[in-house]
Amino acid sequence: MAANHHLPPLRRAAAWAAGLLLVGPTVVTGCRLFGTDAVTPVPQLLALLPWLAVPAGLALLAALPARRPALTVWAGAILAVTLWFTQPYGPDGTPARGPVDGRLRVLAANAHLGDATAGLLALVRRERPDVLFVSECDPACTRALGAHFRYGTQVAAAGSAGSAVLGTVPLTAQPALPGTTLGMPGATVRVGGRDVTLRLAHPMPPLPGGIGLWRHELGLLRDFAAAHGGHPLVLAGDFNATQDHAAFRSVLDAGALHDAARLGGASRTGSWPRGATLPPYAQIDHVLVSADFSVRGVRFLDLPRSDHRALLVDLDLRTRP
């Protein structure tokens, strides 16, 4: 764009507008292409990646009247790459094709510092999940939910660190994931004569100045998933990451896990932020399952007084061929 001063004013303005519009999408799609979350503000903008097609498309429209071939190619390429990455990540099915050994209905929810407890209890009574993964649930929240669930394990803490894995079926408690800031309890449940490992996921969010901690805690989940490869596993909760974050994809890949929303045809359904001016635009709430499972159904459900939507998944545990 060094020769822009030779262009007529309107064409020059169009060229500058196109260039400015392309800066953000170019940086973010470049990081996505090379598999890095980089540093602030890239992790935050990666959560918006599908929406970056808007400025990229506007840049293409501005580049055309500017009559700058290089600029037009640049805008077209960034738009194409952005649209390419809107595709769901991973296969649309698991290798589980054998007979159904058992079924499990799971609900993952964020109780928003306990404020959404009453709404979550109503949701539980209506949908009747076998297992509930609930984050930001303080001891009072867990006690209220205990009216429905007979079994469970919790990290008893105030605010965002409180969490629980609760069940209507017997659960064997496992220690919380060590080295994490927020509560990530775990348990084992018997389904169809087989042990299934359950773990709530709730890493710290990628706040400015906290990217290293966010990446570290997703790395702990990645290591946990890798250690349980080959065994039935359900890893669910508020991951504070989308499929466009390399740190989240590493969790999937390390444990050969599948995102239930992807399997259920809802991979780009927004789950956060709920209650804002715009509808939820980022899917950061996930239920990840090992290859022992197939998915019968996925629904994102509004949860009053929470800034997240809840995720309800019906799973079939199958005998591996």
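The following legends describe close-up views of a predicted model.

**Figure 1. Overall fold of the chain.** The chain contains nine helices and twelve strands. Its radius of gyration is 22 Å, close to the 20 Å that the globule rule gives for 321 residues, so the chain is as compact as a globular protein of that length. The C-alpha trace spans about 75 × 45 × 35 Å along its principal axes. Of the 321 residues, 52% count as buried. Among contacts between residues at least 6 apart in sequence, 66% join residues at least 24 apart.

**Figure 2. The open sheet of six strands.** The strand order is E5-E6-E7-E8-E10-E9, and the pairing is mixed. The edges are formed by E5 and by strand E9 (258–259), each of which pairs on one side only. Strands of a sheet pair through backbone hydrogen bonds, either parallel or antiparallel. Both senses occur around E7: strand E6 (residues 186–191) pairs with E7 in the antiparallel sense, whereas E7 and strand E8 (residues 233–238) run parallel.

**Figure 3. Strand E7 and its hairpin with E6.** Strand E7 covers residues 194–201; six of its eight residues are buried, so the strand is largely enclosed by the rest of the structure. Six bridges connect E6 with E7. Val-191 of this pair of strands stands opposite Arg-194 in E7. The two strands form a hairpin with two residues between them, and Gly-192 in the turn adopts a positive phi of about 55°.

**Figure 4. The parallel pair E7 and E8 with helix H7.** Five bridges join E7 to E8. Arg-199 stands opposite Leu-235 in E8, and the bridge partner of Ala-201 in E8 is Gly-237. Together with helix H7 (residues 211–227), the two strands make a right-handed β-α-β unit.

**Figure 5. Surroundings of Ala-176.** Ala-176 is located in the loop between strand E5 (171–174) and E6. With a relative accessible area of 35%, Ala-176 is partly exposed, because this value lies between the 20% limit for buried and the 50% limit for exposed residues. Leaving aside neighbours within four places in sequence, Ala-176 is in contact with Val-155, Met-184, Pro-185 and Arg-199. Of these contacts, Arg-199 is the residue that stands opposite Leu-235 in E8. Ala-176 and Val-289 are 113 residues apart along the chain, and their C-alpha atoms are separated by 19 Å.

**Figure 6. The largest nonpolar core.** In soluble globular proteins, nonpolar side chains tend to be buried together. The largest nonpolar core of this model has 29 residues, and those with the most contacts inside it are Phe-133, Leu-198, Val-234, Val-287 and Val-313. Val-313 touches Leu-104, Arg-105, Val-106, Ala-260, Val-287, Val-295, Gly-297 and Val-298, residues up to four places away in sequence not being counted.

**Figure 7. Helix H5 and the elements that cover it.** The buried residues of helix H5 (residues 117–127) are Thr-117, Gly-119, Leu-120, Leu-121, Leu-123, Val-124 and Glu-127. An α-helix has 3.6 residues a turn, so residues three or four places apart point the same way. The cover over the buried residues of H5 includes strand E1 (100–110), strand E2 (131–135), helix H6 (139–145), strand E11 (293–301) and strand E12 (310–318). Just after H5, Arg-128 takes a positive phi of about 55°.

**Figure 8. Ser-135 in strand E2.** Ser-135 lies in strand E2. This residue has a relative accessible area of 1% and is therefore buried. Leaving out residues up to four places away in sequence, Ser-135 touches Ala-109, Asn-110, Ala-111, His-112, Gly-162, Ser-163, Leu-200, His-202 and Asp-238.

**Figure 9. The disulfide and a further buried cysteine.** A disulfide is a covalent bond between the sulfur atoms of two cysteines. A search of the whole structure finds one disulfide. The link is formed by Cys-137 and Cys-141, whose sulfur atoms are 2.0 Å apart. The angle about the S-S bond is -100°, and the link of Cys-137 and Cys-141 is left-handed. Both Cys-137 and Cys-141 are buried. Cys-31 has a relative accessibility of 12% and so counts as buried too.

Technical notes: Residues are numbered from 1 along each chain as its sequence is written. This is a predicted model: local features need pLDDT of at least 70, side-chain atom pairs count only at pLDDT 80 or more; totals for chains, interfaces and linings use all residues. Side-chain values use heavy atoms; hydrogens and water are left out. Buried means under 20% relative accessible area, exposed over 50%, partly exposed in between (1.4 Å probe, protein chains only). Helices (H or I, at least four residues) and strands (E, at least two) are DSSP runs, numbered from the N terminus. Two strands pair if DSSP finds at least two bridges between them. A crossover is right-handed if, with the strands pointing away from the viewer, the path from the first strand over the helix to the second runs clockwise. A nonpolar core is a set of buried Ala, Val, Leu, Ile, Met, Phe, Trp, Tyr and Cys residues joined through side-chain atoms within 4.5 Å. Contact means heavy atoms within 4.5 Å. A disulfide is a pair of cysteine sulfur atoms within 2.5 Å. The radius of gyration is taken over C-alpha atoms; the globule rule is 2.2 Å times the number of residues to the power 0.38.
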